[in-house]
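Here is a friendly walk through one protein chain. Have the structure open beside you and look for each residue as it is named.

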Amino acid sequence: MATPGKPPEPVLREGEGSACGDESCLTLEGAFDRMKASFLQHHPKGDVGLLYRAFLVGKEMHGNQIRKSGEPYFFHPLAVAQSLADWRLDAASLACGMLHDVVEDTLMTQAEVRAQFGEEISDIVDGLTKMSKLAFTDRHLLNAENVRKLLVAMGKDVRVLLVKLADRLHNMKTLSVMEEEKRRRISRETMELYAPLANRLGMGAVRLELEDLAFRQLEPEQYVVLKAAVEARRAKLSGQTQEIQGSIQAILRQQGIPAQVTGRIKHLYGIWKKMGAQAKAFDDIHDWLAYRIICPDRASCYTALGLVHALYKPVPGRFKDYISLPKENGYQSIHTTVLMGSGDIFEVQIRTEDMHLHAERASPATGPTRTAASPTALRSTRWHSCAAWLSCTKTPRTAATWWPTSRANSPSTASRSSPPRAICAASWKAPPRWISPMPSTPRWAIAASGPR
């Protein structure tokens, strides 16, 4: 096992009993050490003993179970726990990640989980087991009532949803071994339920990753062509994009602001969805590039905004101050859109490091050291706003209208009447079946009123 606080020393072995990547094969013990090291980075005094007990029990109970990919099944619970460690969650959450399938897929009972790990972990595992029994196999079942059942299954602990999101994220990453029909069904479910759920929890990076993974399965040809087109444009404008980044970095440095400036391409599904909403080909989409400025404090964010506007002309009507007026899920950042020399426009997001951590992973970090919060803090943070959904929604219809944080972030915003053009041609593409027919209402909200 790795020494606490030090980088892991993965145990590598070729062949059976290992999960292979591009360069090496990682054993179960190696995967555990890597996850434990990530956990200790944010919890130096965390309960490693609990993690090890959960590892031993999960490994024993899953035994010789094999995934369709051919690797031992227990690599999946370890991957779920790894994501939770990266999100800075507590030891109980990581233990639940390793144990989330033991009641459903092994001979271990809920009573045995409670006896060995206590009430807290038992309740989370029980909530996960209940959630796995909710049927989302048909789009008419993916309605507000079932989504409401999902939160009822959550009970009083929002960590049930976080473990479930980590579970779905790893399943989407390993979806290629499934049959096409199952891949598409899981991807539609991910796009219509789990990506909006991640957004509701303020987990922006997770939402974007889920959307791109689902988009890749639902529209594989469009995904490949769009990805190639984006890469070609990035290569063509690489000199200009680096110059922009350097200019912003230089003027911030001149003003004594120790900020980090990074550039990124907007995620593929977001670009594709915008093509549909605006009925444009990719060559006509200009706001495909974004820069992010991470400032040391709130005041310097506004100084950085003025400096950016001094360098580049802002686009009218494209400014939002989510620092002074945070989104409902707690998201904070300044957004502005400006013009570059080529005529393209690009977005600049300005925020502090704490705001960035919250925006990317909805980290429960608190205070200047940003160490992860306790279970009590987890239940009292903005994540717990999801639980308010239960108390303020009496019917499936009210649940459906209250759920989305921003319908602009839902796949339903793409209208059936304006599907995306072909990426690099003028021809139209038939709208995908998973696009909602109503641009303002999620499909599961429509289904709440019954089959059409």
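The report below goes from the whole chain to a helix, a loop, a strand and some aromatic rings.

**The whole chain**

Keep in mind that this is a predicted model. The secondary structure comes to 19 helices and 7 strands. Of the 452 residues in the chain, 54% are buried. If you take the contacts between residues at least 6 apart in sequence, 67% of them join residues at least 24 apart. The chain exposes about 20,000 Å², and carbon and sulfur atoms supply 52% of that area.

**Helix α14**

Let us check the length of a helix. The 14 residues of α14 should span 20 Å at 1.5 Å a residue, and the end C-alpha atoms are 21 Å apart, which agrees. At the N-terminal end, Asp297 acts as a cap for α14, with a side-chain oxygen 3.3 Å from the backbone nitrogen of Ala299.

Which residues of α14 are buried? They are Ser300, Cys301, Ala304, Leu305, Leu307 and Val308. A general point helps when you look at this list: an α-helix has 3.6 residues a turn, so residues three or four places apart point the same way. The buried residues of α14 pack against helix α12 and against strands β4, β5, β6 and β7.

**The loop between β5 and β6**

Two residues to find here are Gln332 and Ser333, both placed in the loop between β5 and β6. Is Ser333 buried or exposed? Its relative accessible area is 0%, so Ser333 is buried. Gln332 has 22% relative accessibility and therefore counts as partly exposed.

Leaving aside neighbours up to four places away in sequence, Ser333 touches residues including Lys320, Asp321 and Gln349. With neighbours within four places left out, the contacts of Gln332 are Tyr322, Ile323, Pro326, Arg351 and Met355. A polar atom of the Gln332 side chain lies 3.1 Å from the backbone oxygen of Ile323. Gln332 and His358 are 26 residues apart along the chain, yet their C-alpha atoms are separated by 8.3 Å.

**Arg292 in strand β4**

Arg292 belongs to strand β4. You might wonder whether a residue at 11% relative accessibility is buried or exposed. Arg292 counts as buried, because the cut-off is under 20%. The side chains of Arg292 and Gln349 are joined by a polar contact of 3.2 Å. Beyond its neighbours within four places in sequence, Arg292 is in contact with several residues, among them Gln260, Thr262, Arg351 and Glu360.

**Aromatic rings**

The chain has 11 aromatic pairs. In one of them, the rings of Tyr312 and Phe346 have centres 5.4 Å apart and planes at 80°, so this pair is edge-to-face. Tyr312 lies in the loop between α14 and β5, while Phe346 lies in strand β7; the pair links distant parts of the chain, 34 residues apart. Both Tyr312 and Phe346 are buried. Elsewhere, ring pairs join Phe32, Tyr52, Phe55 and Phe74 into a cluster.

Rings can also have a charge over them, as the table shows for Lys327.

| Charged end | Ring below it | Distance to ring centre |
|---|---|---|
| Lys327 | Tyr322 | 4.9 Å |
| Lys327 | Tyr331 | 5.1 Å |

To finish, go back to Tyr322 in the structure: the charged end of Lys327 sits over its ring, and Tyr322 is also in contact with Gln332 and with Ser333.

Methods: Residues numbered from 1 in each chain as written. Predicted model: local features only at pLDDT ≥ 70, side-chain atom pairs only at ≥ 80, totals over all residues. Heavy atoms only, no water. Phe/Tyr/Trp six-rings, centres within 6.5 Å; stacked < 30°, edge-to-face > 60°. Helix = DSSP H or I, 4+ residues; strand = E, 2+ residues; numbered from the N terminus. Buried < 20%, exposed > 50% of the residue type's maximum accessible area, 1.4 Å probe, protein only. Lys NZ or Arg CZ within 6 Å of the ring centre and 35° of its normal. Contact = heavy atoms within 4.5 Å. Areas by Shrake-Rupley, 256 points an atom, 1.4 Å probe, with all protein chains shown as cover. Polar contact = N/O pair within 3.5 Å; in protein donor to acceptor, adjacent residues only side chain to side chain. Expected span 1.5 Å × (residues − 1).
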